[in-house]
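Q: I have a chain in front of me and I'm not sure how to read it. Could you walk me through it, one feature at a time?

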Amino acid sequence: MNSTRRNFLKKSAALAGTILATSALESFKEIIFATTEPADPTKPWYGVGIDIEKCIGCGMCAKSCKLENDVPQEPFYFRSWVEQYTIKNDGTIKVVSPNGGIDGFAPSVPGDDTFKTFFVPKMCNHCAKSPCTQVCPVGATFESPEGIALVDDSYCIGCRYCIQACPYGCRYIHPVKKTVDKCTLCYHRITKGLLPACVEVCPTGARIFGNLNDMEGDLHKFLKEHNCQVLKPNLNTGSKLFYNGLSSEVR
């Protein structure tokens, strides 16, 4: 009878371990492929990881993005920017992003009234089912074979539908071209085997660029080793921008 009981407990423990392992794998898969898996798993399908715990708010990412991609230097035109979140002792939240974080940050709340503060880099989420692509009336906004959301200036009519549809506030009208502009993950660089400018200049390694189809790559490793989340998961956009250390205060 004792032998039977021991066997039962061993089998139960083994089954529980299998269920937990399977559950973990399924959760990991759901994080990466939130809506649709890539059409061809043998080709690159790019995404980005951001480690909020490593971001120091230096603004180098936003500055390098402007320089690399000829983004207008005036404030309010950004492909990539950094926000400072300060949670006060009374629970209220203050969010600031002076000049996109390019010039750094000063304390926005007196020290004795600050519960905690942290920095959150923002950029296009390069969604697998991007709302911006769905609403474009002329097909100017499209997804590249590598899963990058791009804009064809020669088709864009500046109607702003995509700007309104983007839930992450990642698009603007270029003041000179009068067409929509946004983050391209430095498409001109990554197609040559280079890193996006914002990833290359980050002094703390807070940004991780990679191929989601590469099971041994840096991005997969980052997702496996951290508890990553996406912004506004309830919208089911299939965001490919993954955050570690994402607090509920971030929107």
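**Reading the chain, step by step**

A: Let's start with contacts, meaning heavy atoms within 4.5 Å. Among the contacts in this chain with a separation of 6 or more, 64% are between residues 24 or more positions apart. A word on the source: this is a predicted model, where local features need pLDDT of at least 70, side-chain atom pairs count only at pLDDT 80 or more, and totals for chains, interfaces and linings use all residues. Residues are numbered from 1 along each chain as its sequence is written, and side-chain values use heavy atoms, with hydrogens and water left out.

Q: How many helices and strands are there in the chain?

A: Helices (H or I, at least four residues) and strands (E, at least two) are DSSP runs, numbered from the N terminus. Here the chain has seven helices and 11 strands.

Q: What percentage of the residues count as buried?

A: Buried means under 20% relative accessible area, exposed means over 50%, and partly exposed is in between (1.4 Å probe, protein chains only). Of the 251 residues in this chain, 45% count as buried.

Q: And how do I read the accessible surface of the chain?

A: Accessible areas come from the Shrake-Rupley method with a 1.4 Å probe; for residues, only the protein chains shown count as cover. For this chain the total is about 13,500 Å², and 56% of that belongs to carbon and sulfur atoms.

Q: What is a nonpolar core, and which residues have the most contacts inside the largest one?

A: In soluble globular proteins, nonpolar side chains tend to be buried together. A nonpolar core is a set of buried Ala, Val, Leu, Ile, Met, Phe, Trp, Tyr and Cys residues joined through side-chain atoms within 4.5 Å. The largest one here has 38 residues, and those with the most contacts inside it are Val48, Phe118, Val120, Leu185, Phe209, Tyr243 and Val250. At least two residues of this core come from each of strand 1 (46-51), helix 2, strand 2, strand 4 (114-123), strand 6, helix 6 and strand 11 (241-244). There's also a second, separate core of 10 residues, which includes Ile208, Phe222, Cys228 and Val230.

Q: Can we zoom in on one residue? Where is Ile50, and is Ile50 buried or exposed?

A: Ile50 sits in strand 1. Ile50 counts as buried because its relative accessibility is 0%. Leaving out residues up to four places away in sequence, Ile50 touches Pro121, Ala206, Arg207, Phe222, Leu241, Phe242, Tyr243 and Asn244. Take Phe222: Ile50 and Phe222 are 172 residues apart in sequence, yet 9.2 Å apart in space, C-alpha to C-alpha. Tyr243, with the same neighbours left out, touches residues including Ile50, Val120 and Cys228.

Q: What about Gln84: buried or exposed?

A: Gln84 is in strand 2, and it is buried because its relative accessible area is 6%. Its contacts, leaving aside neighbours within four places in sequence, include Lys94, Phe105, Thr117 and Phe119.

Q: Which parts of the chain cover the buried residues of helix 2?

A: The buried residues of helix 2 are Cys61, Ala62, Ser64, Cys65, Lys66 and Asn69. Their cover includes strand 2 (80-88), helix 5, helix 6 (197-201) and strand 9 (207-211). Right after helix 2 comes Asp70, with a positive phi, near 55°.

Q: Where else is phi positive, and are those residues buried or exposed?

A: Two cases that aren't glycine are His126, with a phi of about 45°, and Lys178, with a phi of about 60°. His126 lies in the loop between strand 4 and helix 3 (131-135) and is buried, because its relative accessibility is 3%. Lys178 is in the loop between strand 7 and strand 8 and is exposed, because its relative accessible area is 54%.

Q: Last one: which residues lie nearest the centre of the largest pocket?

A: On a 1 Å grid over the protein atoms alone, a pocket is an open set of points where a 1.4 Å probe fits, with protein on both sides within 12 Å along at least five of seven lines; lining residues have an atom within 4 Å of a point. The largest pocket is lined by 13 residues, with Arg79, Val151, Asp181, Lys182 and Thr184 nearest its centre. Helix 2 (60-69), strand 6 (149-151), strand 8 (180-181) and helix 5 (187-190) each give two or more residues to that lining.
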